Protein chains: 2
Amino acid sequence: MVSIEMIVAARARLRGHARRTPLLSSPFIDELAGRRVFVKAECLQHTGSFKFRGGWSAVSALDPAVRARGVIAFSSGNHAQGVALAAKLHGVPSVIIMPSDAPKLKIANTRALGADVVLYDRATQDRDAIGAALSGERKLTLIKPFDEPQVIAGQGTTGLEIAEQTEEEGIRSAEVLIPCGGGGLTSGIALALEASAPAFRVRPCEPEGFDDTTRSLASGKIERNAAMTGSICDAIITPQPGNITFPILQRLAGAGIVVTDEEALRAMAIAFVRLKIVVEPGGAVALAAALFHGDQLEEDNVVVVTSGGNVDADIFAGALARHG
Amino acid sequence: MVSIEMIVAARARLRGHARRTPLLSSPFIDELAGRRVFVKAECLQHTGSFKFRGGWSAVSALDPAVRARGVIAFSSGNHAQGVALAAKLHGVPSVIIMPSDAPKLKIANTRALGADVVLYDRATQDRDAIGAALSGERKLTLIKPFDEPQVIAGQGTTGLEIAEQTEEEGIRSAEVLIPCGGGGLTSGIALALEASAPAFRVRPCEPEGFDDTTRSLASGKIERNAAMTGSICDAIITPQPGNITFPILQRLAGAGIVVTDEEALRAMAIAFVRLKIVVEPGGAVALAAALFHGDQLEEDNVVVVTSGGNVDADIFAGALARHG
């Protein structure tokens with residue numbers, strides 16, 4: 001359902017719009033990890049996360065007449081901002097349905113990116129019904145956060161860049177550690193690397209207690225998380241792997257790696273000191289895996305994706321205070 | 001004394017060693033500044049500042065037999081780390097003379113980058129005498145922090161990248177705001193832009209009370225700062241403009257812009273929220289100038305260099321707490 005041709009086509013559509021994020025490194029991080037670590041800093045992407053790639057890919061792939069009617073997305077976080085900015089830059093309306101208790105800054109940012117933000121009460125209102133009513137009325141196109149081929153193709157462009165950038169560094173094989181929620185980024189990168197750097201293997205990384213993908217890969221069938229709250233890694237908490245993403249991961253991914261919230265916070269502090277980048281907790285789990293779970297790795301080289309940087313100042317300062 | 005040919009030659013020597021740092025932007029920053037702002041993120045350079053460029057340029061330009069004896073530098077900060085890493089990667093020894101009251105982390109980092117760190121007591125010992133004795137004995141080459149042609153040429157490679165990256169963005173003219181200490185980075189970029197993007201003009205940016213370059217440009221002769229301490233922007237506090245750098249700035253730079261420490265801290269917080277980069281106070285003065293002194297700017301487009309990110313966690317957290 002998602003092919004390398006779709007990823008290559010997405011790259012062409014993203015050119016000049018998405019940022020080619022840098023591949024960073026530090027001898028101090030190599031020393032801590034006991035191997036060479038290359039950090040693909042997607043926190044530096046527009047809107048502060050890789051989600052802009054998928055948002056742009058999906059919006060730009062629409063038939064112009066369909067696109068002109070607008071798009072709709074459900075999200076309280078990074079996907080909201082990615083879709084909103086992609087729509088704005090295409091000059092088409094976007095409706096983002098957000099819970100009314102979402103952080104005020106995220107609501108404000110999504111509005112400032114041009115979206116029509118519709119708030120709903122999680123306790124009393126049915127988000128899907130609101131979405132269905134709005135999209136039916138206005139004939140908006142729903143942009144799903146991960147189980148959507150053009151979104152996966154957009155996230156996969158990260159993998160094409162990883163292949164190019166590691167080749168420039170002379171790296172011929174590596175494990176690629178990726179923060180994994182619904183699996184859109186991980187499966188997209190896996191498909192891109194299968195075609196462009198087949199000696200590379202992706203490893204999904206998740207927070208403790210929300211390791212649905214790790215357990216699903218181990219059991220061979222889709223497993224659910226017991227809860228949807230209780231980790232600071234909010235950006236990558238999803239109920240279960242996607243129906244499109246999971247078969248891709250089954251075919252191409254190595255075993256998942258699970259890290260604690262505390263390890264994610266330590267990784268954020270190390271990224272601050274050694275790389276000068278701002279990483280959010282969910283975006284730091286792959287770096288945490290490289291730093292603190294090296295016993296589960298096999299290769300001398302690892303690529304780590306820091307997938308987002310949308311973290312509140314008090315959480316960031318807390319991570320630095322404890323681990324800086 | 002420093003020519004565009006030297007900068008182009010430095011670029012060739014830096015290729016594959018220095019990082020081509022990204023040019024970042026945010027619609028939120030454009031909105032705050034009232035114009036388009038492009039941020040050249042040199043805080044993402046190796047060792048966390050642009051100083052690695054000059055260090056590499058100077059070390060790589062030495063005659064191999066001279067280089068093999070080693071290099072020496074005086075620095076408590078970013079220049080120390082830039083020279084230490086450049087020497088290490090060339091496989092030659094480095095001696096860095098640092099005050100014994102320098103931050104422990106900076107001393108540890110410089111040692112970890114392979115340098116032989118020699119500490120001296122600011123109150124009772126003469127740093128120059130220690131340096132002269134050491135370099136005479138071991139025939140080390142002194143790498144000065146800014147008033148040194150090959151160092152200026154290395155910093156100037158930042159300007160060649162700015163010219164290329166703004167051309168990719170379709171920008172034909174801009175003011176280029178640069179944190180200015182001794183003027184190595186500002187004069188190097190000015191020379192690079194004179195040749196490769198002549199419609200661009202550099203504007204040195206300094207902290208209040210340490211505006212030696214701004215006053216020197218205004219008066220037409222080298223002016224000194226009254227003090228050497230008292231600003232949080234420690235990385236760019238120097239006694240006066242250099243003898244090599246100042247004539248270049250006189251010929252090519254627009255008027256200096258002076259910002260307060262408080263504005264630098266606010267700019268750091270905005271860079272955290274909107275760009276996901278870590279900028280140190282001295283590295284944030286140009287962004288502060290773009291954000292808070294737009295009345296002194298003429299162009300619709302500005303390029304801002306964030307020159308370094310080596311800031312302690314408590315100062316960074318303080319900036320976020322007050323302005324996040």
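**Entry 1: the two domains of chain A**

I began with the join inside one chain: domain 1 of chain A and domain 2 of chain A bury about 1600 Å² between them, 54% of it on carbon and sulfur atoms. Buried area here is the accessible area (1.4 Å probe) that two parts lose on being put together, summed over both.

A note to self on the ground rules: this is a predicted model, where local features need pLDDT of at least 70 and side-chain atom pairs count only at pLDDT 80 or more, while totals for chains, interfaces and linings use all residues. Residues are numbered from 1 along each chain as its sequence is written, chains are lettered from A and ligands numbered from 1 in the order in which they are written, and side-chain values use heavy atoms, with hydrogens and water left out.

I looked up the bounds next: domain 1 covers 4-50 + 148-323 and domain 2 covers 52-142 of chain A, as given by an automatic or database domain assignment. Taken over C-alpha atoms, the centres of the two domains are 24 Å apart. I found 26 residues of domain 1 in contact with 14 residues of domain 2 (contact means heavy atoms within 4.5 Å).

**Entry 2: what holds hands across the domains**

I counted three salt bridges between domain 1 and domain 2 of chain A; the term means a side-chain nitrogen of Lys or Arg within 4 Å of a carboxyl oxygen of Asp or Glu. I also looked at Glu42(A), which forms a salt bridge with Arg53(A), their closest N and O atoms being 2.5 Å apart.

The same interface has 15 residue pairs in polar contact, both residues at pLDDT 80 or more. That term is a pair of N or O atoms within 3.5 Å; within protein, one must be able to donate a hydrogen and the other to accept it, and residues adjacent in sequence count only if both atoms are side-chain atoms.

On the domain 1 side, helix 1 (4-14) and helix 8 (149-168) of chain A are the elements that give two or more residues. Helix 8 gives the most, with eight residues. I noted that helices (H or I, at least four residues) and strands (E, at least two) are DSSP runs, numbered from the N terminus.

**Entry 3: a pair in chain B**

I searched the whole structure and got 32 salt bridges over all chains. I then checked Glu164(B), which forms a salt bridge with Arg20(B), the closest N and O atoms being 2.8 Å apart. Glu164(B) sits in helix 8 of chain B and Arg20(B) in the loop between helix 1 and strand 1 of chain B, so I had a link between distant parts of the chain, 144 residues apart.

**Entry 4: chain A meets chain B**

I looked at this interface last: chain A and chain B bury about 2300 Å² between them, 70% of it on carbon and sulfur atoms. The contact takes 29 residues from chain A and 30 residues from chain B. I found zero salt bridges across it, but 10 residue pairs in polar contact.

Helix 14 (313-323) is among the elements giving two or more residues on the chain A side, and the largest share, four residues, comes from helix 14.
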